[in-house]
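Here are some exercises to work through with the coordinates loaded. Try each one yourself before you read the solution.

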Amino acid sequence: MRTKRKRGTEQSSIAKRLKVSSPAAKGSELGPISHNILSYCYSEVYTLRQFLVDSLPSTSRTRRQNISIHTLENGSAFLDTTLVGRSNKTKPAHDEERHREFVSFTKSQRRSTNSSNGTPEEYHLTEIVDFVIWSLFQQGGGSSHRPSHVLCHGYQKAPLRALQEDTDTSPTGIPGVICLHTNESTRKLQRRPWTEILSILGSNGDAILRNLLLDCGVFVRIDQGKENLHQICGVPVSDLFNKRKLLEQPPNAISAPFVWGAKSCTRKSRSPSSITFVRSRILYARPSMNAQGGVRFGMKHIHVLNRQPELTALKQSIHIMKYIFPLQFGLHNVFTSAVDKNETAQEFKDYTLRENEIKYADHRSMQKIRLAACAKDIKIPKRLRGPPFAMIQKIRKRHSRCSYDQQLRHHCPIRTCDVDASHGAALAFSQSSSHLRTQLSSNHSFVPPTPDQADDVSKPVAGDSILAHATPTAYVSAFCCAVIRRLLPGDALGVEADSEHNWIVLFAQIDHFVQMRKYESLTLHTVFQNLKINCISWLRPLGTPVEAKLSRSDRGKRLEIFLEFLYYIFDSLLIPLIRSHFYVTESNIHRNRLFYFRHDVWRTVSEPSLTDLRFTMFQGLRAQDLRQARHSRLLGHSQVRLLPKASGARPIINLRRRLIRTQGGKTILSQNINSKLMPCFATLNYERSIQPQKLGSALFSIGEAHQRLRAYQNMVQTSTEKLYFVKMDVKSCFDTIPQEAVVRMVQGLLSERRYHISKHAELKAIDSRWSTSHFERPLTRFPLTARPNGAPPGLSDPSLSQLAQKRNRTVFVDLWDTKACDARSLLRLLHEHVQRNVVTIEKKFFKQRRGIPQGSVLSSLLCNFFYGEFENSHLGFLQPGESLLLRLIDDFLLITTNQDHARRFAQVMVSGNSSYGISVNPKKSLANFEVSIEGLKLPRLHGSEMFPYCGVAINVNTLEISKSRENKDAKVSNGLTVELSRHQGLRFQRKVLGSLKIQMTAMLLDTKLNSRYCVSSNLYQNFLEAAMKMYRYLHGLPKKRRPGESMVIETWKELVNLAVKMTRGKRSTKTISEYECAVSKTQMHWLAAAALHLVMEKKQTGYKTILQWVREVMDRCQGGMKMSAMQLGELMEQGDKVFQRYRY
């Protein structure tokens, strides 16, 4: 007989309703969640509530239900905001073994009740944490290294003498482990809410928490910032990020067998789409010189084609084949070999010189042959015999007969022309494509259109820009194509009609390689596209007829060999060819665009600037001084290069370059100078935080002026007095600062005798709005933090909160990599960096005798502290109530209602100060009123109310701010970086949104500082620039890979939503509590649509659907603008005038 079902209590019925309605309960029923960073490092990510429910037995329905609806006593959402990352689930057998070890561990320890409150839960939780630490050290066996785990930070395996003798380390109660520092993560895990969690888990709660702490990563939410997390348990996520296999095996990857004797070769293979040419190697190359001191053109003497000059020597031909086909010979290659980051800072190695590797491989091969008692020595792989070997011999002969200097004079004559001539040359190059087929069908070289009369002069015209002497990129491309065509035999890319097709495709890729901007990349997959390999006769095995049907393995082998050959053409022929003939550099005004200077032309135009540097800033070092400096220096030397400007050139000292040193007979890369200076940088940042008054009016970014301008506006808005603006620019500030005075200033700045320098990791998600089916690699940083001696090591809660205030979607990991530095050692390092800075200019060593190094990580901080001291001692007459002084590095701006103070400020600055190395550049000074100092009349603002300052324009009457675009490069494409990838639509959307996001600064959008009309104008101009960049980016992609109109519309909708989200989201941030943007969502949609309509209307071919959609949005939102037609017309006219000179 059935019994009547009992009605549940009121509490259970409430629980059932909560199970259905509670978001936490709903989340617990779901599976793993997605997270931009954690899902990249773990296979499964849960909330803590989901993990606990999933860990309980399926039969424990009551406990699972209780955890699903449980709320902590403090009412926080800790269970739902704490995330757990797990890669592998604990096996039952392993769980039982851990339980036995845990029981044995707890029985062997003699503990007293926890001194805090003595509850058994806390006592039990302490045992669990201690057991986890002990277990982690036991897993390391007899190793003395600390396990890579957050809970083990601050602990160390006790040496034998430490167990027998009294030490100054803290007792832990963990056998064999001593405590060096207090671990904040272990203390957090032994307190609430973890004790409360243990109590609600029930009987096997200890096992669940053991598995959680041993096998998973635990990440706690930080209240400050947005979606920030702090890891308190598990292997540091930064280590997981480094260990993850970034190059996965795609279906079309080359799978090569493991070669005996080649340690660098592995079974893992890279696909052609993941192999990128290291194009940055073409930058800043030095020329080869002949005995007369002139430039020697042609491949450098270390190139393998020049190192093996005997054309009849078969052994030398085999040696060259090892450079071209390293995979077939079992040598290090880009397809199957790992890259040692101690040997190169690039993604792939430089294979220009591999003689030692070949010598070592030959020695190992001879040992193998002797061990196998082999009588015959096979030197050439089977598939490289016959036609491939004959082709290599042809390349050697053609190289010996190739006149590189004649080709250079023919295709790239020395001429003085306008910098925009490259645009006309590129047009002529494209128009000459009709002649390409005729030239390729014969054995003649590819000849581009050249000017009828080339000016054969080597000196620039007086007053001309250095950029005017750059060779047009189309001419450089034609020269490279001609030389490659001279070097490679006619049948290298096939025979008959398909050969002509392959040559055209190859030349198009070479032209694209030369034309690309600085940060753009080219993959082997892109180069291989549209090439036909069936027509290439030398890829066929010996004795195979032409009509034979290809097997799958034969085609794979042909593809493997040809991809090696193709990579060699670009990596070891094209790149060395450009390096040996051109100095390639960017400029100060054209952003990402690259300029190609012939080496002889660059030596001529750069010699005056280099000579001036040698006699003014640097002092030559004698050989004896150089030897002494090398033995006693803590820092290495840096290199000086020149960056072309509109007029002249600027010296750039590269302090991020890793120097080569020899260790154990092996060449490796050492730490760069900026990395060695990071302890000084962290210390100065600490002093900056506790002594902000010593910085004076310094700004570390123009965005920091927002709050100061708004506060000053509130003070003077009731006044009717005129505002006086004076802008002063210190001439060559980094080069004129006295070195001894800087070191003396820092010596008085340091407030502690000893500092602790600790390192932590920050992993930031690239974007959080995209589909979670594709996770991008997060951005990783390892900043250093300085603390005074005696402060707790690691990331404390106050320091973590301070760091998180300026971060969004970031995971913080405390690495506990701490070292102590005394002030004396830091001053010694600073003294060597500032007063004994050694640089190289054209292989000669010099000592910097004036100024502080540009490019140093310390330069901005030192300059701000130094000029802050100058302000405190010489500009104290400026009263905060009536004046506002701003300084971004060396750009001073004074806004005041007192004209006398403005004139006195101008007098002090123009007069200069030799003690601080201050000398004002009058041409870059500006004022909004008449002012003359010692007969020198300063330039005055005329015809405008907008006063320019460091990229922004400030209204001299209302202090409203807009963006200044007068000095920006008018060619939009120069600022882009077009990327090709498998996720082309995702990349396109991210680029477009990023172009707007960088412009959405708070000072431009704050309606408490600016009027609504001004903010609307700023938004309209931001949308205009984003639309221009989007259009230019679209046309930078190949036609077949351009997103369609529907994708463009969706991207623009996302862009407007991003703008709305940024203007609304920043209102509630704690850093800008009173930030307000009164522009509505409807108004923002209209402004964005109007901007897109203006851009697309001028380029309306193929954008009919987009223009129709834009007009519909404008008509729908017109009524919500709340502006008259005249105001809207003025707003659009002002934006059109700003971008009138832009070319897109």
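**Exercise 1.** Find which residues have the most contacts inside the largest nonpolar core, and which helix gives the most to this core.

*Solution.* Start with the rule: a nonpolar core is a set of buried Ala, Val, Leu, Ile, Met, Phe, Trp, Tyr and Cys residues joined through side-chain atoms within 4.5 Å. Buried means under 20% relative accessible area, exposed over 50%, and partly exposed in between (1.4 Å probe, protein chains only). The largest such core has 85 residues, and those with the most contacts inside it are F725, I895, L1019, F1023, W1052 and L1092. Helix α38 (residues 1012–1036) gives the most, with 12 residues; helices here are DSSP runs of H or I with at least four residues, and strands are E runs of at least two, numbered from the N terminus.

Two bits of bookkeeping. This is a predicted model, where local features need pLDDT of at least 70 and side-chain atom pairs count only at pLDDT 80 or more, while totals for chains, interfaces and linings use all residues. Residues are numbered from 1 along each chain as its sequence is written, and side-chain values use heavy atoms, with hydrogens and water left out.

**Exercise 2.** Leaving aside neighbours within four places in sequence, list what L1092 is in contact with.

*Solution.* Use heavy atoms within 4.5 Å as the contact test. L1092 then touches A1027, M1030, W1052, I1106, W1109 and V1110.

**Exercise 3.** Work out how α31 and α33 pack.

*Solution.* Fit lines to the C-alpha atoms over the stretch in contact, and take angles from 0 to 180 degrees between N-to-C directions. For α31 (residues 739–749) and α33 (residues 823–835), the angle is about 165° and the axes are 10 Å apart. So α31 is roughly antiparallel to α33 (under 35 degrees counts as roughly parallel, over 145 as roughly antiparallel, 65 to 115 as roughly perpendicular and the rest as oblique). Finally, Q739, E740, V743, V746 and Q747 in α31 meet L827, L830, H831, V834 and Q835 in α33.

**Exercise 4.** Do likewise for α17 and α21.

*Solution.* The axes of α17 (residues 387–401) and α21 (residues 473–487) come within 8 Å and cross at roughly 130°. That makes α17 oblique to α21. I395, R398 and H399 of α17 make the contact with R485, R486 and L487 of α21.

**Exercise 5.** Check phi of K843: where does this residue sit, and is it buried or exposed?

*Solution.* Phi is near 70°, a positive value in a residue other than glycine. K843 lies in the loop between β22 (838–841) and β23 (844–848). With a relative accessible area of 64%, K843 is exposed.
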